[in-house]
Amino acid sequence: MKKWTAWLLVLTMVVMAACSTEQPGTSSEQETKDGDFKIGLSISTLNNPFFVALKDGAEEEAAELDATLTVADAQNDAAKQVSDVEDMIQKGMDLILINPTDSEAVGAAVQSANDAGIPVITVDRNAESGEVVAHVASDNVAGGKLAGEYMVELVGEGGKVVELEGIPGASATRDRGQGFNEAIDGKLDVVAKQSANFDRAQGLTVMENILQDNKDIVAVFAHNDEMALGAVQALSSAGLSDVKVIGFDATDDAVKAVEDGTMAATVAQKPAEIGKLGVEAAVKHLKGETVEENIPVDLELIN
């Protein structure tokens, strides 16, 4: 009887030892936790309230989904953005969200991620080359049309207007300009069109220069609110506060300017929602769930 008890004890110890040698994660039933996902966010610039809000939305969603988010500020430098993405690749990100500074130039960064087997999702602005899982953005063409249609409604047909363009090469610049010009075609006369690179200080300077030869304008469309606010300052200094200014993004400063009457309107995007949906799509893709190729975010005119 004692022998049988001894053999039973030995057998039990052997079984326990065998079980203890199984390495963590070798079970086919174990799933990757959301917190194990490392997501990179390469953002065009954090010197703009719109993209700060986009980053904040992404960070909040990452915390909600227990994912790790690493953010890099490209500072509106296309070469730096490519370098930032290369760095994220070296750090072994599971997926990279990219908000392109330049839609054409960013293709090199997207391709590098593709070559490394790291999926990419673009947010707000698209990439003209390379493969992406999804694109999260508002319909910038539709937004430009909203602005153009409202401008015609405000000033009537035949007026002289100015268009302040964003960064050359950015998809938002191209699309917002396209929508605006389609809406005003044959109705308004664009007497000046110049880039101010989505920057408030440049918006002020460019507008001051344009006004030297165009003091009879009736309205300005700026491809974002920062340039619009710069234009408002230039117009005020020139004694032309009655000129209607329409921006794009609905940043806090712009919405306040609309409420105060110094801006006529702004097309409301939802940058925090863009960031949130970008991270949500990233986690879904990494979990093997289906993600739509184009994820739209609603627009509205605030006037």
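For what follows, Ala, Val, Leu, Ile, Met, Phe, Trp, Tyr, Cys and Pro count as nonpolar, Asp, Glu, Lys and Arg as charged, and the others, Gly among them, as polar. On that scheme, the lining of the largest pocket divides into 8 nonpolar, 6 polar and 4 charged residues.

Before going further, a word on the source: this is a predicted model, in which local features need pLDDT of at least 70 and side-chain atom pairs count only at pLDDT 80 or more, while totals for chains, interfaces and linings use all residues. Residues are numbered from 1 along each chain as its sequence is written, and side-chain values use heavy atoms, with hydrogens and water left out.

Let me start with the first of the two sheets I want to show. It is an open sheet of 6 strands in the order 2-1-3-4-5-11, with parallel pairing, where strands are DSSP runs of E of at least two residues and helices are runs of H or I of at least four, both numbered from the N terminus, and where two strands pair if DSSP finds at least two bridges between them. Strand 2 (68–73) and strand 11 stand at the edges with a single partner strand each, so one side of each is left without a neighbour in the sheet. From one strand to the next the twist averages 15 degrees, taken between axes that are lines fitted to C-alpha atoms, for helices over the stretch in contact, with angles running from 0 to 180 degrees between N-to-C directions.

Within this sheet, please look at strand 4 (residues 120–123). Strand 3 (residues 95–98) runs parallel to strand 4 and is joined to it by 3 bridges, with L97 opposite I121. Strand 4 also pairs with strand 5 in the parallel sense, again over 3 bridges; there T122 has H135 as its bridge partner, and V123 stands opposite V136. In a regular strand the side chains alternate between the two faces of the sheet. In strand 4 both faces are covered, since V120 and T122 on one side and I121 and V123 on the other are all buried, buried meaning under 20% relative accessible area, exposed over 50% and partly exposed in between, with a 1.4 Å probe and protein chains only. Strand 3, helix 4 (residues 107–115) and strand 4 make a right-handed β-α-β unit; right-handed here means that, with the strands pointing away from the viewer, the path from the first strand over the helix to the second runs clockwise.

Strand 5 brings us back to the pocket. Among the elements giving two or more residues to its lining are strand 5 (134–138), helix 5 (140–155) and strand 11 (294–297). There are 18 lining residues, of which H135, A137, S138, D139 and N140 lie nearest the centre of the pocket.

The second sheet is also open, with 6 strands in the order 7-6-8-9-10-12 and mixed pairing. Strand 7 (189–195) and strand 12 (300–302) are at its edges, and the twist averages 20 degrees from one strand to the next. Strand 6 (residues 160–165) and strand 8 (residues 219–222) run parallel, joined by 4 bridges, and E163 has F221 as its partner.

Finally, which residues other than glycine have a positive phi? One is F198, with phi near 65 degrees, in the loop between strand 7 and helix 7 (200–211); F198 is buried, at 7% relative accessible area. Another is D249, with phi near 130 degrees, in strand 9 (residues 244–249), and D249 is buried at 4%.

How values were computed
1 Å grid on protein atoms, 1.4 Å probe; cavity = no way out; pocket = protein on both sides within 12 Å on 5 of 7 lines; lining within 4 Å.
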